[in-house]
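I opened my notebook for a look around this structure. Here is what I looked up, entry by entry.

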Amino acid sequence: RRDHNEEPCNRCSSCLEISSGSSLDVIEIDGASNRGIDDVRSLNETVGYAPSSGPYKIYLIDEVHMLTKEAFNALLKTLEEPPKHVLFFFATTEPNKVLPTIISRTQRFNLKRISSKEIIAKLTVITKELGIEISEKALHLIASRSEGSLRDAESLLDQVICFENPPITEENLSKMLGLLPSEEFFNFDRAAAQGNFSFAF
């Protein structure tokens, strides 16, 4: 079930099963470790089964580029004539390694990294809900270190909350990450301008 803005409701049985990883209708396959023709043949044998609760059975193949050529060819027949109740989602970091015959039968969406502004906004919501006091500069540092990955940013925030007592500042976060304080870089710059190269040591 979906609400008016097409976001999952996270309340119905389908949403709860998918979130907990117990859904029989959402099958996630790691292409790196299930890359052979026998793995795809097993998949082909199950696509004909009707979904257990929702309208669709969804197969998510991660790192799909790792499948062997033989596995791709075995999958091709199913992609050409998929059952109406089956949806395939392929995820890859190297689309150039996916066979053109597979790509021609799919819709392609190129995902990009999330902006620091969006990451900071999400982390702000999380810290407010948890009642954690954290400085704006610390949030900027977490966003910068996560390099556009919200999952990495949330994981780093989780570590910070576990190891640092609020209020969390840029200074204690830098110490935890083993980073030099930004002021030190200005000191290096001033020393270099003065010809004091021994300052670095």
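These entries go from the sheet to the helices and then to a few single residues.

**Entry 1: the sheet**

I began by noting that the model is a predicted one. Then I looked for strands. In which order do the three strands of the open sheet lie? I read it off as E1-E2-E3, with parallel pairing. E1 and E3 are the edge strands, each of them pairing on one side only. From one strand to the next, the twist averages 15 degrees. A reminder to myself: strands of a sheet pair through backbone hydrogen bonds, and the pairing can be parallel or antiparallel.

**Entry 2: who stands opposite whom**

Next I followed the bridges. E1 and E2 run parallel and are joined by five bridges. Here I found Glu 28 opposite Leu 60 of E2. On the other pairing, six bridges link E2, residues 57-62, with E3, residues 86-91, and these strands are parallel too. I wrote down three partners in E3: Tyr 59 stands opposite Phe 88, Leu 60 stands opposite Phe 89, and Asp 62 stands opposite Ala 91. Leu 60 therefore turned up twice in my notes, with Glu 28 as one partner and Phe 89 as another, under the pairing rule of at least two bridges between strands.

**Entry 3: the two faces of E2**

Which residues of E2 are on its covered face, and which on its uncovered one? Lys 57, Tyr 59 and Ile 61 make up the covered face. Ile 58, Leu 60 and Asp 62 make up the uncovered face.

**Entry 4: the helix between two strands**

I then traced the chain from E2 to E3. Helix H3, residues 69-80, forms a β-α-β unit with E2 and E3, and the unit is right-handed. I went back to how E2 pairs and found Tyr 59 opposite Phe 88 in E3 once more. H3 packs on the sheet, where it touches E2 and E3, and its direction makes about 135 degrees with that of E3.

I picked one residue of H3, Ala 74. Is Ala 74 buried or exposed? Its relative accessibility is 18%, and the cut-off for buried is under 20%, so Ala 74 counts as buried. I also checked a long stretch of chain: Ala 74 and Ser 20 are 54 residues apart in sequence, and their C-alpha atoms are separated by 31 Å.

**Entry 5: helices H6 and H8**

For H6, residues 136-146, I listed the buried residues: Ala 138, Leu 139, Leu 141, Ile 142, Ala 143 and Ser 146. Their cover includes H5, H7 and H8. After H6 comes Glu 147, with a positive phi near 50 degrees.

H8 spans residues 170-177, and its buried residues are Asn 172, Leu 173 and Ser 174. What covers them includes H6 and H7, the latter being residues 150-163. Gly 178 follows H8, and its phi is positive as well, near 75 degrees.

**Entry 6: a buried Asp**

I found Asp 25 in the loop between helix H1 and strand E1. How far is Asp 25 from the nearest side chain of opposite charge? That side chain is Lys 57, 4.3 Å away, and Asp 25 is buried yet has no salt bridge. The cut-off for a salt bridge is within 4 Å, so the pair misses it. Leaving out residues up to four places away in sequence, Asp 25 touches Pro 51, Ser 52, Ser 53, Gly 54, Tyr 56, Lys 57 and Ile 58.

**Entry 7: the salt bridge**

How many salt bridges does the structure hold? I noted one. Lys 97 forms a salt bridge with Glu 94, and their closest N and O atoms are 2.9 Å apart. Lys 97 counts as partly exposed, at 46% relative accessibility. Glu 94 is partly exposed as well, with a relative accessible area of 28%.

**Entry 8: an exposed Leu**

My last stop was Leu 111, in the loop between H4 and H5. Its relative accessible area is 81%, so Leu 111 is exposed. Leu 111 and Lys 97 are 14 residues apart along the chain, and 17 Å separates their C-alpha atoms.

Methods. Residues numbered from 1 in each chain as written. Predicted model: local features only at pLDDT ≥ 70, side-chain atom pairs only at ≥ 80, totals over all residues. Heavy atoms only, no water. Helix = DSSP H or I, 4+ residues; strand = E, 2+ residues; numbered from the N terminus. Right-handed = clockwise from strand over helix to strand, strands pointing away. Buried < 20%, exposed > 50% of the residue type's maximum accessible area, 1.4 Å probe, protein only. Contact = heavy atoms within 4.5 Å. Lys, Arg positive; Asp, Glu negative; His and termini not counted. Axes fitted to C-alpha atoms, helices over the stretch in contact; angles between N-to-C directions.
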